[in-house]
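Here are a few exercises to work through with the model open beside you. Try each task before reading its solution.

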Amino acid sequence: MDKKNIVILGSTGSIGKSALDVIGKHSERFRVRALAANSNVDLIEEQYHRFLPDYICLVDKKAASELKSRLSSNNVTIFAGEEELIKLASIENADLILNAVVGAAGLRVSLETLKFGRELALANKESLVVGGPLFARLCEKTGAQVLPIDSEHSAIWQAKLAGREEEIRSLILTSSGGPFRTLEADKFDAITVEQALDHPTWKMGPKISIDSATLANKGLEVIEAAILFSMPIDKIKVVVHPQSIIHSMVEFVDSSVIAQLSVPDMRLPISYALFYPERVESDFGKIDWTKLPPLTFEEPDFDRFPALKTAFEVAGTGGTAPALFNASNEVAVEAFLSKKIKFVEIFGIIRSTIEEIDIVNDPDLDQIIDADRQAREFAGKMTEKLAC
Ligand SMILES: NC(=O)c1ccc[n+]([C@@H]2O[C@H](COP(=O)([O-])OP(=O)(O)OC[C@H]3O[C@@H](n4cnc5c(N)ncnc54)[C@H](OP(=O)(O)O)[C@@H]3O)[C@@H](O)[C@H]2O)c1
C-alpha cells in the first residue's frame, strides 16, 4: 500500500505531538513530508531526527535561522515566516495537511490547502470560524475535503453516517463545562490564570484551555458545526456532560440519538481523520465499561458563560461576525494569560467588539482579514484600558 504523505502544521503543540504519536505508531502507512511551528527549535529539531521530513517551517524567523544552522548538514529545506508557512500547503506529493496551528494564524494555510484540492485535517477551528464563507466555496470548486479533528465534530461526522441528511433533527455538542462549571457567579471575579488552565478532563494548549474555561471554545465549536455540516443554528444544541465520555451526538427525526464515546484521548479523532475512510486497530480512548463514572447531563449556563450565548447569535448572523468573535476572543485570552485583564473581562471584550464593528455579509478574503484586524485593534484598546 502507498504511504500517505502528511504535512503537520503546529507539530510542537498538544495536537501536533499527538498526531506524530499516531503517525509514529503507523510508519508503514504514513510519511511526514513537512513540519511547521512558531518558534520551538528544540522540539522541532527532535521531531526532524525522528520523522525526517523534507521541509520544516518556523514562523519566527530568528528561530528558523537557528534551526538552519543546527541542521545545516542534513537534507532538509527550512522555510521561515508566515508567507513560507503557506507554501507548505502546496508542496508536491502531499496528500493531507493537518492544521494544528493555534488561532486565526492558521487561516491562510487552511485556504491554500483547499485551493489545491487537498485533504485538510482540521484542528485549527479558528480558521474555519473566521473563513467559513470561503471554505464552502473552495471545497465546492476544488473538491477538497475538510476532515474535522475536534473531538465533538469527529463524533458528529461519525454519528451522521447513521441516517440521511434530511433525517437529522439536531446536532448535540457536548461540553465538559470546564473548570468553573459549578463555581458561583460571584466568585468569577477572582478566577486566576492557573485555575483557568486546569481543565478537568482534557490536557490541551493554553489558548484552548482558557477558551474551554470561558466556554468560548464551545461557542467556536457551535459556529464550526454550523459551517462544517451546513446546519441552521436552531438545529445545534449544547449539553454539558462533565465526564467527557460522549463526544457529541446526532438526533434523528424518529428521536433516535447516535453518539460517539471514548475516554478522552485526542489521538482517536486524529486517527479517524488520518485513516479516513478506514478504521484501524487501536486502543486510544478504549472504554472499560465497568469502571466508567455515571454519565450526567446539564443545561449550559448562559448567564455565567455569556460567550456561548454570543457565539450562537454570531453563528446565526454569519458574514464577518464569527471573525469578530474569534479575533476579540484571541486578544482577550492573550491579555488574560499575560495577567493584564480579569477572566470575566474576556466576555465584555467579545461582546463590545461585536456590537461596535460593522458586519459584512458574504465577505471575501480581504473583508475577512479587515474584520479580523479591526476587531484586534478594538479589543486591544479595550484590554489596554482595562489593564490600567
Ligand atoms: N489540544 C487539544 O486537545 C485540542 C482539541 C481540539 C482542537 N484543538 C485546536 O487545535 C489547535 C491547536 O491547539 P493546541 O492545544 O495543540 O495548541 P498548542 O499546544 O498551543 O500548540 C500550538 C501550535 O501552533 C504553533 N503556532 C503558534 N503560533 C503560530 C503561528 N503564528 N504560526 C504557525 N504556528 C504557530 C505552535 O508552535 P510553537 O510550539 O513553536 O509555539 C504549536 O506548534 C487550536 O486551534 C485548538 O483550538 C486542540
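**Exercise 1. A sheet and its edges**

Task: In this predicted model, find the open sheet of four strands and work out which strands stand at the edges.

Solution: Start with the strand order, which is E9-E8-E10-E11, with mixed pairing. Next, look for strands that have a single partner: these are E9 (236-240) and E11 (257-261), so one side of each is left without a neighbour in the sheet. Going from one strand to the next, the twist averages 20 degrees.

Now zoom in on one pair. Strand E8 (residues 168-175) runs parallel to E9, and five bridges join them. One position to check is Leu173, whose bridge partner in E9 is Val238. Finally, add the helix that lies across E8 and E9: this is H10 (residues 216-228), running at about 155 degrees to E8.

**Exercise 2. An enclosed helix**

Task: Decide how many of the nine residues of helix H11 (residues 267-275) are buried, and find what covers them.

Solution: Go along the helix and apply the cut-off for a buried residue, 20 or more other C-beta atoms within 10 Å of its own. Arg267, Leu268, Pro269, Ile270, Ser271, Tyr272, Ala273 and Leu274 pass. That makes eight of the nine, so H11 is largely enclosed by the rest of the structure. The cover includes helices H1 (14-25) and H7 (151-160), together with strands E2 (30-37), E6 (119-122) and E7 (146-148).

**Exercise 3. Where two domains meet**

Task: Describe the contact between domain 1 (4-148) and domain 2 (153-318), beginning with the distance between their C-alpha centres.

Solution: The two centres lie 25 Å apart. Each domain brings 20 residues to the contact. On the domain 1 side, the elements giving two or more residues are H1, helix H6 (125-142) and E7. Sorting that side by residue type gives twelve nonpolar, five polar and three charged.

**Exercise 4. The largest nonpolar core**

Task: Which residues of the largest nonpolar core touch the most other members, and where does this core lie relative to domain 1 and domain 2?

Solution: The core has 117 residues, and those touching the most other members are Ile8, Leu9, Ile56, Leu98, Val222, Ala311 and Ala332. Helix H13 (residues 321-337) gives the most to this core, ten residues. Both domain 1 and domain 2 also give residues, so the core lies between them.

To finish, select Ala332 and skip its neighbours within four places in sequence: its contacts are then Ile341, Ile346, Ile349, Ile350, Ala379 and Thr383.

Methods: Residues are numbered from 1 along each chain as its sequence is written. This is a predicted model: local features need pLDDT of at least 70, side-chain atom pairs count only at pLDDT 80 or more; totals for chains, interfaces and linings use all residues. A nonpolar core is a set of buried Ala, Val, Leu, Ile, Met, Phe, Trp, Tyr and Cys residues joined through C-beta atoms within 7 Å. A residue is buried if 20 or more other C-beta atoms lie within 10 Å of its own, exposed if 12 or fewer, and partly exposed in between; C-beta atoms are placed from the backbone. Domain bounds come from an automatic or database domain assignment. Two residues are in contact if their C-beta atoms, placed from the backbone, lie within 7 Å. Two strands pair if DSSP finds at least two bridges between them. Axes are lines fitted to C-alpha atoms, for helices over the stretch in contact, and angles run from 0 to 180 degrees between N-to-C directions. Ala, Val, Leu, Ile, Met, Phe, Trp, Tyr, Cys and Pro count as nonpolar, Asp, Glu, Lys and Arg as charged, and the others, Gly among them, as polar.
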